[in-house]
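Me: I want to test the labels put on this protein. Please walk me through the reasoning behind each one.

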Amino acid sequence: LTWQFVTTIQKFSLSSIESLNMEYNDLTSVSFLKYFSRLNSVDFSGNPNLNVLTDLPLLEKLNLTTIGLPDIPSRNANEVFRHLHNFVQSSQPCNRIRLFFLGKPGCGKTSLMNGLNKTKSTNKHKKGQLDHKNLQIKSWQKSKQRDGLEFLCWDFHYEEEAAYKTIPQFFFTDRSLYIILFDLRTAFEDERDIDHWLQAIDSHCVKSRSCYKFLVGTHADDKKCTSEYIQQTRSRLE
């Protein structure tokens with residue numbers, strides 16, 4: 001059943017099957033294994049959305065490489081179970097997430113990032129932050145509590161179109177938030193730029209449908225940006 005885009009298996013007469021190959025499908029769970037009473041070998045490799053392993057029967061061989069969990073190279077079932085147990089025992093919650101600010105130069109990326117951080121533009125380097133000619137990373141914590149959510153804000157500074165449209169994509173991940181900024185005054189001319197970022201995120205992130213992408217129009221205080229104009233822009237972008 002490889003390369004069939006299978007998401008699950010319904011209950012059939014499966015009691016006689018001893019080996020099952022489910023490589024490169026769209027599995028999200030393995031609960032259907034309860035229907036296999038004689039199963040001793042399973043291959044789940046190549047299922048990136050599979051990140052929950054419940055109802056696993058006793059097996060002799062188990063391949064879990066390239067699934068939605070850290071790569072597990074071993075195919076010996078006992079070693080796999082031992083690895084998963086140790087992984088769970090030593091795991092800790094991570095309340096940190098990347099927040100990308102994307103858009104043309106001068107559209108207000110840095111101003112918005114500093115506004116969220118409630119800081120002014122400065123060249124002073126702070127602990128846990130990165131200030132570079134072409135990249136600035138700042139830490140923004142929603143809560144001062146120890147387990148509060150922390151955003152790592154990424155702001156790229158490139159003047160050349162080829163650079164600011166290409167380089168940020170090397171850092172895109174499924175577990176990130178994306179803010180795409182555009183100048184409201186030139187919104188209609190910037191539609192192609194907005195489409196570029198949306199397509200870039202979709203093409204670089206396996207789970208792009210679950211990635212949160214926000215469109216933010218800036219310079220709304222300009223006299224051109226009347227309520228009617230903003231509504232027209234919103235309708236067109238939708």
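Reply: Start with a cut-off: buried means under 20% relative accessible area, exposed means over 50%, and partly exposed lies in between. His219 has 28% relative accessibility, so it counts as partly exposed. Keep in mind that this is a predicted model.

Me: Where is His219, and what makes its backbone stand out?

Reply: His219 lies in the loop between β9 and α5. Its phi is positive, about 60 degrees, although it is not a glycine. Most residues other than glycine have a negative phi.

Me: Why is Tyr24 called partly exposed?

Reply: Its relative accessibility is 36%. Partly exposed is the range between 20% and 50%, so Tyr24 counts as partly exposed. Tyr24 also has a positive phi, about 55 degrees, and is not a glycine. It sits in the loop between β1 (19-21) and β2 (41-43).

Me: What is the overall layout of the protein?

Reply: There are 5 helices and 9 strands. From the N terminus the order is β-β-β-α-β-α-β-β-β-α-β-α-β-α. The protein has 238 residues, and 37% of them count as buried. About 15,300 Å² is exposed, with carbon and sulfur atoms supplying 50% of that area.

Me: How do you know that Ser176 is buried?

Reply: Its relative accessible area is 2%. The limit for buried is under 20%, so Ser176 is buried. Ser176 belongs to strand β8, residues 176-183.

Me: What makes the Ser176 and Thr173 pair a polar contact?

Reply: The distance is 2.4 Å, side chain to side chain. A polar contact needs N or O atoms within 3.5 Å, one able to donate a hydrogen and the other to accept it. The pair is therefore a polar contact. Leaving aside neighbours within four places in sequence, Ser176 is in contact with Ile97, Arg98, Phe100 and Tyr212.

Me: Why is β8 described as mostly covered?

Reply: 8 of its 8 residues are buried. Ser176, Tyr178, Ile180 and Phe182 point one way from the strand. Leu177, Ile179, Leu181 and Asp183 point the other way. Residues on both sides are buried.

Me: How do you know that β8 pairs with β4 and with β9?

Reply: Pairing takes at least two bridges. Strand β4, residues 96-102, is joined to β8 by 5 bridges, and the two run parallel. One bridge pair here is Phe101 with Ile179 of β8. Strand β9, residues 212-218, is joined to β8 by 7 bridges, also parallel. There, Ile180 has Leu215 of β9 as its bridge partner. Both counts meet the limit, so both pairs of strands qualify.

Me: Why are Trp140 and Phe151 called stacked?

Reply: The structure holds 11 aromatic pairs. In the pair of Trp140 and Phe151, the centres are 4.9 Å apart and the planes differ by 25 degrees. Rings pair if their centres lie within 6.5 Å, and planes under 30 degrees apart count as stacked. Both conditions hold, so the pair is stacked. Trp140 lies in strand β6 (residues 135-141) and Phe151 in strand β7 (residues 150-156), so the pair ties together parts 11 residues apart in sequence. Both residues are buried.

Me: What makes Phe172 and Tyr178 edge-to-face?

Reply: Their centres are 5.1 Å apart, with 80 degrees between the planes. Edge-to-face means over 60 degrees, so the name fits the pair of Phe172 and Tyr178. Phe172 counts as buried at 8% relative accessibility, and Tyr178 is buried at 0%. Phe172 and Tyr178 belong to one aromatic cluster that also includes Phe100, Trp154, Phe156, Phe171 and Trp197.

Me: Why is Thr233 called buried, and what does it touch?

Reply: Its relative accessible area is 2%. Buried means under 20%, so Thr233 is buried. It lies in helix α5, residues 227-237. A polar atom of its side chain is 2.9 Å from the backbone oxygen of Tyr229. Not counting residues up to four places away in sequence, Thr233 touches Phe182, Leu184, Ala187 and Phe188.

Me: Which charged end sits over the ring of Phe188?

Reply: The charged end of Arg236, 4.4 Å from the ring centre. The distance limit is 6 Å.

Key. Residues numbered from 1 in each chain as written. Predicted model: local features only at pLDDT ≥ 70, side-chain atom pairs only at ≥ 80, totals over all residues. Heavy atoms only, no water. Helix = DSSP H or I, 4+ residues; strand = E, 2+ residues; numbered from the N terminus. Buried < 20%, exposed > 50% of the residue type's maximum accessible area, 1.4 Å probe, protein only. Contact = heavy atoms within 4.5 Å. Areas by Shrake-Rupley, 256 points an atom, 1.4 Å probe, with all protein chains shown as cover. Phe/Tyr/Trp six-rings, centres within 6.5 Å; stacked < 30°, edge-to-face > 60°. Lys NZ or Arg CZ within 6 Å of the ring centre and 35° of its normal.
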